[in-house]
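Work through the exercises below with the sequence and the coordinates open. Each task is followed by a solution in steps.

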Amino acid sequence: MGDNKERTTIVLFSGELDKAIAAFIIANGAAAYDHEVTIFFTFWGLNALRKDEPIKLKKGWLESMFAKMMPRGANKLGLSKMNFGGMGPQMIKHVMKKHNALTLPQLIELAQEQRVKLVACTMTMDLLGLQKEELMDKLEYAGVAAYLGDAAEAKVNLFI
């Protein structure tokens, strides 16, 4: 990381659409203000990074069950409130489109274009049985120590 830039870190723990959108809006805003930004994805937050299509991999029974139960990718995340059996996310997406707001996949792409560092937590990947092949491209993989190194140098640290 550069020496004089402001730094922002975000831990995305939540796998809910509204919280992931908020994390990426903040990350993209900070990047637009020339901050060096890291988003550390752990536990359910990793679901935002999953590829939409199923990837055939050898897994144990428990890992296979996690893979089936967790949402696959940014387009499949539910809402933290008013999910309404999956209708809530569709309503939010409709309202966002009506107001020309970027979708979560578009916000993720913009973050990558702005060189936001997207870091998948390797310990959580092991716990949930997620493998690199199941996650989108252009990610970094690290443990909590790497995140803490970034956070120690940041003025803004958020947990979402």
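**Exercise 1. Place Glu134 in the predicted model and describe its surroundings.**

Step 1. Glu134 belongs to the loop between α5 (122–128) and β4 (140–142).

Step 2. Buried means under 20% relative accessible area. Glu134 has 6% relative accessibility, so the residue counts as buried.

Step 3. A polar partner is found in the backbone: the side chain of Glu134 reaches the backbone nitrogen of Gln131 at 2.8 Å.

Step 4. With residues up to four places away in sequence not counted, Glu134 touches Leu49, Arg50, Lys51, Ile55, Leu57, Lys59, Ala67 and Gly129.

**Exercise 2. Determine the volume of the largest pocket and the make-up of its lining.**

Step 1. The volume of the largest pocket is about 270 Å³.

Step 2. The lining has 13 residues, and those closest to the pocket centre are Pro54, Ile55, Lys56, Ala67 and Arg72.

Step 3. Sorted by class, the lining consists of 4 nonpolar, 1 polar and 8 charged residues.

Step 4. Compare with Exercise 1: Ile55 and Ala67, listed there as residues that Glu134 touches, are also among the residues closest to the pocket centre.

**Exercise 3. Is Asn28 buried or exposed, and which residues is Asn28 in contact with?**

Step 1. Asn28 sits in helix α1 (residues 17–32).

Step 2. The relative accessible area of Asn28 is 5%, and therefore Asn28 is classed as buried.

Step 3. Neighbours within four places in sequence are left aside; the contacts of Asn28 are then Leu107, Leu110, Ala111 and Gln114.

Step 4. With Gln114 there is also a polar contact between side chains, at 2.9 Å.

**Exercise 4. Count the salt bridges and locate the partners of Asp34, Lys155 and Asp150.**

Step 1. The criterion is a side-chain nitrogen of Lys or Arg within 4 Å of a carboxyl oxygen of Asp or Glu. The count under this rule is 6 salt bridges.

Step 2. Asp34 pairs with Lys5, with the closest N and O atoms 3.1 Å apart. Asp34 is in the loop between α1 and β2 (36–41) and Lys5 in the segment before β1 (7–12), so that this pair links distant parts of the chain, 29 residues apart. Both partners are partly exposed, Asp34 at 45% relative accessibility and Lys5 at 36%.

Step 3. Lys155 pairs with Glu6, and here the closest N and O atoms are 3.4 Å apart. Lys155 lies in the loop between α6 (144–152) and β5 (156–159), whereas Glu6 lies in the segment before β1, so the salt bridge ties together parts 149 residues apart in sequence. Lys155 is exposed, with a relative accessible area of 67%, while Glu6 counts as partly exposed at 33% relative accessibility.

Step 4. Asp150 and Lys117 meet through their side chains at 2.8 Å, N to O. Because Asp150 is in helix α6 and Lys117 in strand β3 (residues 117–121), this pair ties together parts 33 residues apart in sequence. Asp150 counts as buried at 12% relative accessibility.

Step 5. Arg7, Glu36 and Glu153 are joined into one network by salt bridges that share partners.

**Exercise 5. What are the phi values of Phe43 and Asn100, and where do these residues lie?**

Step 1. Phe43 has a phi near 45 degrees, which is positive in a residue other than glycine. Phe43 is located in the loop between β2 and α2 (61–69).

Step 2. The relative accessibility of Phe43 is 27%, so Phe43 counts as partly exposed.

Step 3. Asn100, although not a glycine, has a positive phi of about 55 degrees. Asn100 is located in the loop between α3 and α4 (104–113).

Step 4. A relative accessible area of 70% makes Asn100 exposed.

**Exercise 6. Where is Lys98, and what distance separates the C-alpha atoms of Lys98 and Arg72?**

Step 1. Lys98 is in helix α3 (residues 87–98).

Step 2. Exposed means over 50% relative accessible area. Lys98 is at 64% relative accessibility and so counts as exposed.

Step 3. Lys98 and Arg72 are 26 residues apart along the chain, and their C-alpha atoms are separated by 25 Å. Arg72 is one of the residues closest to the centre of the largest pocket.

How values were computed:
Residues numbered from 1 in each chain as written. Predicted model: local features only at pLDDT ≥ 70, side-chain atom pairs only at ≥ 80, totals over all residues. Heavy atoms only, no water. Helix = DSSP H or I, 4+ residues; strand = E, 2+ residues; numbered from the N terminus. Buried < 20%, exposed > 50% of the residue type's maximum accessible area, 1.4 Å probe, protein only. Polar contact = N/O pair within 3.5 Å; in protein donor to acceptor, adjacent residues only side chain to side chain. Contact = heavy atoms within 4.5 Å. 1 Å grid on protein atoms, 1.4 Å probe; cavity = no way out; pocket = protein on both sides within 12 Å on 5 of 7 lines; lining within 4 Å. Points joined across faces, edges and corners; volume = space filled by probe spheres on them. Nonpolar A, V, L, I, M, F, W, Y, C, P; charged D, E, K, R; others polar.
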